[in-house]
Amino acid sequence: MNSPSFLPPHSSIIRLPSEDGSFYLIDRKTKTCTCLLFRQTSACKHLEAVGIYSRTKNPAKLSAKPNFYQALSGLVKGIRLRDIDEATHWLSYSWSFRERLNGAQFRIVRRLLIGSAEDGHSLAVMEQVSDNFLPLLSKDIEFARVVAELVRICKVPNWWMPDTGGHDYIYYGMLGSRKLLYDLSPFPLETCLQNLEKAILQQNMTDSLYWVTKAHACTGKAGSVIAHTLLDFALRYDNKPALRLMQNIYLRHAKALSNDTNFTSQAVWLLAGGECPVLDQIEIVTKDEVNALIERVNSAAPHIIPGWCCDGVHCAGNDIRYAGMCDRMYAVCNQYNYYNRMSPDDPWLEDKFYCLDGLQVANA
């Protein structure tokens, strides 16, 4: 894998193409863009594409009683950082919305299923969460069983641990997503899937992840077609992990996962030669440890939701560090490399952690 490119102070200008064939210039240092929308609103999609999000459109309102979406983000970020107490606290808090907010339980359980892939590489864990997905949607489900799935996910290391293969996966996912920025041409779904197979056969991870993302963008209903195609690839090329991802998880819950790309992207990564030592790692989760965790969380004093739980993209907030975009997730990999641990309390060094690979940096 290529080493990341750190941003030198004199090279902060990024070039992104416009629809008319010219280029916009985005300055990460001054957080400005030459596009018309930025001149009108001081925010634009080009800034977001290079990791800069507006801090004013979703200002933080942090309290001990956040809204459902902030609490759900707290659950996601707790899982992402493997902070099991914080994740359990916001899972419990989110769960209290079941009777007050239509669809709250489905959103929570769906996030656990997605989180098994978005924040982990263990197929065994994903399959177990998949097996329990429908039971967890029951109105009579015991809360401890929901917490058990959170514990199961958190017991396996996340992608920011180098020995999971996650740095490789996130890095090439970032390159694939950035390639989209420089190729604005629309393609039919069939063409995307044909090019996807070519990239897989060439074991080109960047292009493979680019084409599967491009395929998902063709239509909101592309997910099942993509999954069936990947299932066919997995059978044809005898890739059992990719087969399990599509057969045991995605197609089993295709309706719930129709707009999600985590399982299909992991299948593509594995088909393109990705390696993961934790594919079959799964740990025992006992009733005693789950009950002890619930008791510990319930006995703790209420606390204000931490700023790092609220990214300003998926909910109101100001802390973009742990949002789920590939460029942000690769910055977290670099944070781990720098400190040899993962803690939101460590100083965030944007110029060291944010990688520019795959972007066109204008000459100073």
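A residue is called buried here when its relative accessible area is under 20%. In this predicted model, Y354 falls well inside that class: its relative accessible area is 0%, so Y354 counts as buried.

As for where Y354 sits, its place is the loop that runs between helix α16 (350–353) and strand β4 (360–361). Two polar partners turn up around its side chain. One is D327, whose side chain is joined to that of Y354 by a polar contact of 2.6 Å. The other is a backbone partner: the oxygen of V50 lies 3.1 Å from a polar atom of the Y354 side chain. So this loop residue, with a relative accessible area of 0% and therefore buried, has polar atoms of D327 and V50 to pair with. Another spacing to look at is the one to Q335, which is 19 residues away along the chain from Y354, while the C-alpha atoms of the two are separated by 9.1 Å.

Next come a couple of backbone oddities. Most residues other than glycine have a negative phi. K31 goes the other way, with a positive phi of about 60° even though it is not a glycine. The loop between β2 (23–27) and β3 (32–33) is where K31 is found. R82 is also not a glycine, and its phi is positive at about 60°. This arginine is placed in a loop too, between helices α3 (68–80) and α4 (84–95). Is R82 buried or exposed? With a relative accessible area of 16%, against a cut-off of under 20%, R82 is buried.

Zooming out to the whole chain, the fold has 16 helices and four strands. The radius of gyration is 20 Å, close to the 21 Å that the globule rule gives for 364 residues, so the chain is as compact as a globular protein of that length. Along the principal axes, the C-alpha atoms fill a box of roughly 60 × 50 × 40 Å. Buried residues account for 54% of the 364 in the chain. Contacts reach across the sequence as well: of those between residues at least 6 apart, 69% join residues at least 24 apart.

That leaves the surface and the charges. About 16300 Å² of the chain is exposed, and carbon and sulfur atoms supply 52% of that area. On the charge side, the tally is 38 positive and 38 negative side chains, with the centres of the two sets lying 6 Å apart.

Notes:
Residues are numbered from 1 along each chain as its sequence is written. This is a predicted model: local features need pLDDT of at least 70, side-chain atom pairs count only at pLDDT 80 or more; totals for chains, interfaces and linings use all residues. Side-chain values use heavy atoms; hydrogens and water are left out. Helices (H or I, at least four residues) and strands (E, at least two) are DSSP runs, numbered from the N terminus. Buried means under 20% relative accessible area, exposed over 50%, partly exposed in between (1.4 Å probe, protein chains only). A polar contact is a pair of N or O atoms within 3.5 Å; within protein, one must be able to donate a hydrogen and the other to accept it, and residues adjacent in sequence count only if both atoms are side-chain atoms. The radius of gyration is taken over C-alpha atoms; the globule rule is 2.2 Å times the number of residues to the power 0.38. Contact means heavy atoms within 4.5 Å. Accessible areas come from the Shrake-Rupley method with a 1.4 Å probe; for residues, only the protein chains shown count as cover. Lys and Arg count as positive and Asp and Glu as negative; His and the chain ends are not counted. The place of a charge is taken as NZ of Lys, CZ of Arg, CG of Asp or CD of Glu.
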